[in-house]
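Here is a short round of questions on one model. Each answer sets a value against its cut-off.

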Amino acid sequence: MKSGLLLILTHLIMIIIYTFLVLNTLKTPSLFAIVCASLAALSYYISRWGEVIRILGMFSFIPSLYISFFISHSSIHYGDGLIIVFITISAIPVLLLVFFDSLIRSIKHRKFENFFYFHHHNDGFGKKKPQLQNYFTVFISVYISALMANYLDIKQSQWLIWSAVSVVTGSLQTSKTKLKVRIAGCIYGLLSGALIGQLTPDVFAIEIFIKPFALASLVIFKKYIFEFSSRCFCIAFIAMH
């Protein structure tokens, strides 16, 4: 498969569009639920081209949730232009990574005609999942979660909405397995994070490392239980300070 700067830019544009749609409907619970559910289903829909692309879709929807909730709860007013600038700046490291990856490969193979692309070792986008019922399941689960989040005024409710998307894997068996893993990871991570957080002095330097680690846990662990446990640990640890 070929991926490159065009794919990264497409991803960036998706995040910007998703963010404005979510942000502008946050104050209207019923509309917010429909928008979130539709975007989640749309992100899942593109898995019909392969499981790898589903990840691209989910990581357009999830950042838009976090950015929207952060902005809505911030005391600082962010104009539309400033939001676009911030999101664009956050994409610069990825764009540079792709750029230099392409440059190094071009120099190594002495082929500069594909400079704006880097090559993945797979020939496709992974296993395709075109089942219609999966999109409907994602829509319903996110719709209910978003309604609950707004009407019950659940704090940090983006986690609830994200979890509703995450546990839908395309098969009942794998969804059950992932749900069990999340329950176990939640118990281990929250208990250990709360305990260690209580015993650790309130030092700002520690939080500087903990918060980036929570984000890095999304990609550094191969086993999902370690990924989710470490993220829960970080959340509980920060909550204790």
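**Contacts and overall make-up**

Q: What share of the contacts with a separation of 6 or more comes from residues 24 or more positions apart?
A: They account for 71% of those contacts in the protein chain. A contact means heavy atoms within 4.5 Å. The model is predicted: local features need pLDDT of at least 70, side-chain atom pairs count only at pLDDT 80 or more, and totals for chains, interfaces and linings use all residues. Residues are numbered from 1 along each chain as its sequence is written, and side-chain values use heavy atoms, with hydrogens and water left out.

Q: Which elements make up the chain, and in what pattern?
A: There are nine helices and two strands. Along the sequence they run β-α-α-α-α-β-α-α-α-α-α. Both kinds are DSSP runs numbered from the N terminus: helices are H or I with at least four residues, strands are E with at least two.

Q: What percentage of the residues count as buried?
A: The figure is 38% of the 241 residues. Buried means under 20% relative accessible area, exposed over 50%, and partly exposed in between (1.4 Å probe, protein chains only).

**Helix H9**

Q: Why is Phe237 called buried?
A: Its relative accessible area is 4%. The cut-off is under 20%, so the label fits. Phe237 sits in helix H9, residues 224–239.

Q: What does Phe237 touch beyond four places in sequence?
A: Its contacts are Gly193, Ile196, Gly197, Thr200, Ile206 and Ile210. Take Ile196: it is 41 residues from Phe237 in sequence, yet the two C-alpha atoms are 6.9 Å apart.

Q: How do you know that Glu227 and Arg231 form a salt bridge?
A: Their closest N and O atoms are 3.2 Å apart. The definition asks for a side-chain nitrogen of Lys or Arg within 4 Å of a carboxyl oxygen of Asp or Glu, so the pair qualifies. The structure holds one salt bridge. Glu227 and Arg231 are four residues apart in helix H9, which means about one helical turn separates them.

Q: Are these two residues buried or exposed?
A: Glu227 has 11% relative accessibility and counts as buried. Arg231 has 3% and is buried too. Other buried residues of H9 include Phe228, Cys232 and Ala236.

Q: What makes the span of H9 close to the expected one?
A: H9 has 16 residues and reaches 23 Å from its first C-alpha to its last. The expected value is 22 Å. That value comes from 1.5 Å times one less than the number of residues.

**Helix H2**

Q: How does the reach of H2 compare with the expected span?
A: H2 covers residues 29–45, which is 17 residues. It reaches 24 Å, close to the 24 Å expected. Its buried residues include Phe32, Cys36, Leu39 and Tyr44.

**Aromatic pairs**

Q: How many aromatic pairs does a search of the whole structure find, and what makes Tyr66 and Trp162 edge-to-face?
A: The search finds six. The Tyr66 and Trp162 rings lie 5.8 Å centre to centre, with 80° between the planes. Rings of Phe, Tyr and Trp (its six-membered ring) pair if their centres lie within 6.5 Å; planes under 30 degrees apart are stacked, over 60 edge-to-face, and the rest tilted. Both values therefore meet the definition. Tyr66 lies in helix H3 (residues 51–72) and Trp162 in helix H6, so the pair ties together parts that are 96 residues apart in sequence. Tyr66 is partly exposed at 24%, whereas Trp162 is buried at 10%.

Q: Why is the Phe139 and Tyr143 pair called stacked?
A: The centres are 6.2 Å apart and the planes differ by 5°. That is under 30 degrees, so the pair is stacked. The two residues are four apart in helix H5, about one helical turn. Phe139, at 26%, is partly exposed. So is Tyr143, at 27%.

**Surface and loop**

Q: What makes Phe100 partly exposed?
A: Its relative accessibility is 44%. That falls between the 20% and 50% limits, so the label holds. Phe100 is in helix H4, residues 80–109.

Q: Which nonpolar patch includes Phe100?
A: Leu82, Val85, Phe86, Ile89, Ile92, Leu96, Phe99, Phe100 and Ile104 form it, with about 810 Å² of accessible area together. Patch residues have over 30% relative accessible area and no salt bridge; nonpolar side chains (Val, Leu, Ile, Met, Phe, Trp, Tyr) are joined within 5 Å, like charges within 9 Å. Areas come from the Shrake-Rupley method with a 1.4 Å probe; for residues, only the protein chains shown count as cover.

Q: What is notable about phi of Asp153?
A: Phi is near 55°, a positive value in a residue other than glycine. Asp153 lies in the loop between helix H5 (132–151) and helix H6 (158–166).
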